[in-house]
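Trainee: May we go through a protein model together, one question at a time?
Mentor: Certainly; please look at the structure first.

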Amino acid sequence: MTSFDSEVAVKTVKVQEEICNCISVAIQYFEKVHTIGAFLSPCCALHRGGSGITQEERNNRDIIMGLPPFNVSGSPFNVVPIHHYPELMKATCALINAEWPRSETARMRSLEASCDTLPCSLVLTTEGFNRVIAHCKLSPIQAKKKACFIESVVVDKSFRGQGFGKLIMKFAEDYCRVVLDLKVIYLSTIDQDGFYERIGYTLCPPISLYGPRHCELPSLKTVNKKYMKKEL
């Protein structure tokens, strides 16, 4: 290894350590206050009326929806509803398609459906809202008005193993409870049940978003899915 390679390796380790420290502080703060309700409650009405607000109100909303505790602690990470930042949709589309390939048109149509109720796509951003590093989608369940189904949970491969999955899930749960007034979150997973168990999810009977199970796509029937839920 040359001296140049050694210098690059040292700098890479330092950057990774800084990111891990930042995420650790953010998660510790979240676990301490347990909820973002104190920050979201004053802004709920404002959040639901996203269009036609003043620039000052928009700035205030962005601060609140961008998790001020993380910014106060010096974290560069923010979680925001994607429909308030449509410029992030292309990058989010690429992130999701890197994990689950689908036509860009269909994926963009799904992201563009995000709104202040359900469905709603949340993205974890950094670099001043210029880079998307994680995404999750909250979808309605026709038969359960006080519940939602969380899907398309994905973290950029270069940021995995650093706590970002736990971070965006925690925000999504508090967003569901405080802003959307929901009581239960459902999800399905093939091989990540261990992760979801560690953050409080338990196994439950299968649930369909769209009606009776016989209406599900045939391609989904053969997948070895595990369904899980968490009461908020």
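The questions and answers below concern this predicted model.

Trainee: In what order do the strands of the open sheet stand?
Mentor: The sheet is built from 7 strands, and its pairing is mixed. Strands of a sheet pair through backbone hydrogen bonds, either parallel or antiparallel. Read across the open sheet, the order is E1-E2-E3-E4-E5-E7-E6.

Trainee: Which strands stand at the edges?
Mentor: A strand at an edge has a single partner strand, so one side of it is left without a neighbour in the sheet. This applies to the strand of residues 78–81 and to the strand of residues 202–203. The edge strands are therefore E1 and E6.

Trainee: Which residue in E3 stands opposite Thr125?
Mentor: Strand E2 covers residues 120–126 and strand E3 covers residues 131–141. The two run antiparallel and are joined by 7 bridges. Opposite Thr125 stands Val132.

Trainee: What angle does the direction of helix H8 make with that of E2?
Mentor: Helix H8, residues 164–178, packs on the sheet. The helix touches E1, E2, E3, E4, E5 and E7. Its direction makes with that of E2 an angle of about 135°.

Trainee: How far apart are the end C-alpha atoms of H8?
Mentor: H8 has 15 residues, and at 1.5 Å a residue these should span 21 Å. The expected span counts one less than the number of residues. The distance in the model agrees with this expectation: 21 Å.

Trainee: How many residues of H8 are buried?
Mentor: A residue counts as buried when its relative accessible area is under 20%. H8 is largely enclosed by the rest of the structure, because most of its 15 residues meet that condition. The number buried is 13.

Trainee: Which element supplies the largest share of the largest nonpolar core?
Mentor: This core has 31 residues, and Leu122, Leu124 and Leu138 have the most contacts inside it. E2, E3, E4, H8, E5 and helix H9 each supply at least two of its residues. The largest share, 8 residues, comes from H8.

Trainee: How many residues does the other core have?
Mentor: Another core lies apart from the largest one. Among its residues are Val80, Ile82, Ile96 and Val132. Its size is 13 residues.

Trainee: Is the crossover from E4 to E5 right-handed or left-handed?
Mentor: E4 and E5 pair in the parallel sense over 3 bridges, and Ala147 stands opposite Val184 in E5. The chain crosses from E4 through H8 to E5, forming a β-α-β crossover. Its hand is right-handed.

Trainee: Which residue in E7 is the bridge partner of Tyr186?
Mentor: E5 and E7 pair in the antiparallel sense over 6 bridges. E5 is largely enclosed by the rest of the structure, because 5 of its 6 residues are buried. In E7, the bridge partner of Tyr186 is Lys229.

Trainee: What separates the C-alpha atoms of Glu173 and Leu232?
Mentor: Glu173 is in helix H8 and is buried, with a relative accessible area of 4%. Beyond residues up to four places away in sequence, Glu173 touches Ile185, Ile199, Tyr201, Lys230 and Leu232. Although Glu173 and Leu232 are 59 residues apart along the chain, their C-alpha atoms are separated by 7.1 Å.

Trainee: What covers the buried residues of H6?
Mentor: Helix H6 spans residues 89–99, and its buried residues are Met89, Thr92, Cys93, Leu95, Ile96 and Asn97. The elements covering them include helix H7, E2, E3 and E4.

Methods:
Residues are numbered from 1 along each chain as its sequence is written. This is a predicted model: local features need pLDDT of at least 70, side-chain atom pairs count only at pLDDT 80 or more; totals for chains, interfaces and linings use all residues. Side-chain values use heavy atoms; hydrogens and water are left out. Two strands pair if DSSP finds at least two bridges between them. Helices (H or I, at least four residues) and strands (E, at least two) are DSSP runs, numbered from the N terminus. Contact means heavy atoms within 4.5 Å. Axes are lines fitted to C-alpha atoms, for helices over the stretch in contact, and angles run from 0 to 180 degrees between N-to-C directions. Buried means under 20% relative accessible area, exposed over 50%, partly exposed in between (1.4 Å probe, protein chains only). A nonpolar core is a set of buried Ala, Val, Leu, Ile, Met, Phe, Trp, Tyr and Cys residues joined through side-chain atoms within 4.5 Å. A crossover is right-handed if, with the strands pointing away from the viewer, the path from the first strand over the helix to the second runs clockwise.
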